[in-house]
Amino acid sequence: MVYGAWSDKEPTMTVWISVLCGMMLIGCRRDDRPAADPELPNVVFVSLDTLRQDRVGAYGYARPITPALDAFADKGTIFLNSYAQSSSTLPTHASIFTSRWPQQHQSFGQERALHEDELTLAEVLRDAGYDTWAGVSSRRFILPLNLDQGFERYARYWWFEKSARSVRLNKDFLRIARQSKDRPVFAFLHYFDAHAPYDPPEPYPETFTTVREDIRPDDTADFIARYRYARLSDEKLTYLKDLYDGGIVYLDHHLEELFTETRFSNGRPTLWIITADHGEAFSEHRYLGHSRKVYEELLHVPLIMVWEGVIPAGQRSPALAQSVDLFPTILELLSLEAPEGLMGRSLAGPLRGEIQPSDERIPGALDVIPILDLPDVWGMIATLPGEGRLKIIQHRDEALKLYLLDHDPAERRNMVRRKPELQERMVHIADSVGLPALKPFTVRSEGAREVSAREIDMLRELGYIDEADDIER
């Protein structure tokens, strides 16, 4: 059952009445599913939109902006080298849900829906007896994009004021946890507080601001869009970063409530997975915001897993992780059989302290992370024997870039001219995994959809002016 909305328009009074009726049906259950294994835990998957890894205290950030998340991370394992599959919400979440690379599921931009033939994690867990519920706070999750596949209940909060979305999400989820009965629950919780505009309620916007600029917090999404490629003063960048950090403090406030107040009445333990879909750029490479670039500040995201008594506490794993790994990891931790065709590798071994084995599927590389934002914006991270971790990037009509991440994690030195042989090897590996390295990207016809004028306005409101312009062309 989908509740919270039955259209992607702003709610009318009739819809609000339907919302209330739907919320009274939260306890309804399907009767045609098999009985769930009594040993299965609840699973809570937390997606923190636009949270950079280096803004989390558990990863070394000096400012105390994530005390609740840091304390919770101490109860489990954090992955130090975790990557999103894209710098945009839709392709990364589609990869999380399907364990397929973006070039395979091809769900990117507002014009490309997840194909209904894709098998999702929610569908697998539903068929294993889980009650599946999602609460989402971004309009990137509109129903026509099919990210609701497998969720029996799909609550959407984007018509609330931005500062109220997490409040409502927590309230509804905590109620669901308290009303859970014999079946385990799979809950996907999506928080939007770190995303622009950086305008949480008082006192959060002013938490760290030490300079004053003529940028209103509620205008920061538009400012980012207008000055995406501009050379900004240090003062303006500092101000934007301070506002961003204030939004993260507000996010952490909601996470504290989530972590401390969650009580499942079904009596089962809980597996927690906490990650982000992408980061945020602050002119590290002359770029503000996210999407359409695939630099490290946009892809390096936190990944925290907690299951008290099962996952080691206080562990910091150096294993390489990517969005597609979460589907098979969850299934192995639950002792459920993984379907064929998953591109991710389970991280259960690294959680036990084991070294992640090489990926023998990719000739010439020990591991590969394909990255795709749009058909002409892509990248790839790969570990080559004897060479370490490398990365290639292609941004539309720009020249190809090559970085040696082990020596240059900030991607300051393009090594294409100095290392042409490495560039050639990386290009051939990228081509072998379906990235548009040697030939144009073939976009399948399935999944294409018309984008409404309302959706285009929505994109502009969120600061995706370039994407909206592309659609209108």
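Helices here are DSSP runs of at least four residues, numbered from the N terminus. With that in hand, the predicted model can be walked through piece by piece, starting with a helix called H10. Helix H10 covers residues 326–333 and is mostly tucked away, with seven of its eight residues buried. Those buried residues are Leu326, Phe327, Pro328, Thr329, Ile330, Leu331 and Leu333. After H10 comes Ser335, and its phi is positive, near 60 degrees.

Stepping back to the whole chain, there are 14 helices and 14 strands. A compact globule of 473 residues would have a radius of gyration near 23 Å, and the chain, at 21 Å, agrees with that. Along its principal axes, the C-alpha trace spans about 65 × 55 × 45 Å. Of the 473 residues, 62% are buried. Contacts tell a story about the fold too: taking those with a separation of 6 or more, 70% are between residues 24 or more positions apart. As for the outside, the accessible surface comes to about 18,700 Å², and carbon and sulfur atoms own 51% of it. Charges are also easy to tally, with 55 positive and 74 negative side chains, and the centres of the two sets lie 1 Å apart.

Helix H3 is next. All ten of the ten residues in H3 (residues 89–98) are buried, so this helix is largely enclosed by the rest of the structure. The buried set runs through Thr89, Leu90, Pro91, Thr92, His93, Ala94, Ser95, Ile96, Phe97 and Thr98. What does the covering? The cover over the buried residues of H3 includes strand S1 (42–48), helix H4 (102–105), helix H5 (121–127), S5, H10 and strand S11 (367–374). So H10, itself mostly covered, is also part of what covers H3, as worded under the contact cut-off of heavy atoms within 4.5 Å. Just as a residue with positive phi follows H10, H3 is followed by Ser99, with a positive phi near 55 degrees.Aromatic rings come next. A search of the whole structure turns up 20 aromatic pairs. One of them is Phe72 with Phe259, a stacked pair with 3.9 Å centre to centre and 5 degrees between the planes. This pair ties together distant parts of the chain: Phe72 sits in helix H2 (residues 67–73) and Phe259 in helix H8 (residues 234–261), 187 residues apart. Residues under 20% relative accessible area count as buried, so Phe72 makes the cut at 5%, and Phe259 does too at 13%. Phe151 and Phe186 are also stacked, with 5.8 Å centre to centre and 20 degrees between the planes. Here, too, distant parts of the chain are linked, 35 residues apart: Phe151 is in the loop between strand S3 (131–136) and strand S4 (153–156), while Phe186 is in strand S5 (residues 185–191). Phe151 is buried, with a relative accessible area of 8%, and Phe186 is buried at 1%. Ring pairs also join Phe151 and Phe186 with Phe45, Phe97, Phe141, Tyr154 and Phe188 into a cluster. Phe97 in that cluster is one of the buried residues of H3.

Now for a residue in helix H12 (residues 420–432), namely Ile429. At 6% relative accessibility, Ile429 counts as buried. Which residues is Ile429 in contact with, leaving aside its neighbours within four places in sequence? The list is Ile362, Pro363, Gly364, Ala365, Val368, Met380 and Leu384. Met380 is 49 residues from Ile429 along the chain, yet their C-alpha atoms are separated by 8.9 Å.

The backbone has a few oddities of its own. Most residues other than glycine have a negative phi, and most peptide bonds are trans. Against that background, Ala196 and Pro197 are joined by a cis peptide bond, with omega about 5 degrees. Glu202 to Pro203 is another cis bond, with omega near 5 degrees. Pro197 lies in the loop between S5 and helix H7 (220–226), and Pro203 is likewise found in the loop between S5 and H7.

Positive phi values turn up in loops as well. Gln106, not a glycine, has a positive phi of about 55 degrees and is found in the loop between H4 and H5. Is Gln106 buried or exposed? With 7% relative accessibility, Gln106 counts as buried. Ser291 is not a glycine either, and its positive phi is about 75 degrees. Ser291 lies in the loop between strand S8 (288–289) and helix H9 (296–299), and this serine is buried, with a relative accessible area of 4%.

Key: Residues numbered from 1 in each chain as written. Predicted model: local features only at pLDDT ≥ 70, side-chain atom pairs only at ≥ 80, totals over all residues. Heavy atoms only, no water. Helix = DSSP H or I, 4+ residues; strand = E, 2+ residues; numbered from the N terminus. Rg over C-alpha atoms; globule rule 2.2 N^0.38 Å. Buried < 20%, exposed > 50% of the residue type's maximum accessible area, 1.4 Å probe, protein only. Areas by Shrake-Rupley, 256 points an atom, 1.4 Å probe, with all protein chains shown as cover. Lys, Arg positive; Asp, Glu negative; His and termini not counted. Charge placed at Lys NZ, Arg CZ, Asp CG, Glu CD. Phe/Tyr/Trp six-rings, centres within 6.5 Å; stacked < 30°, edge-to-face > 60°.
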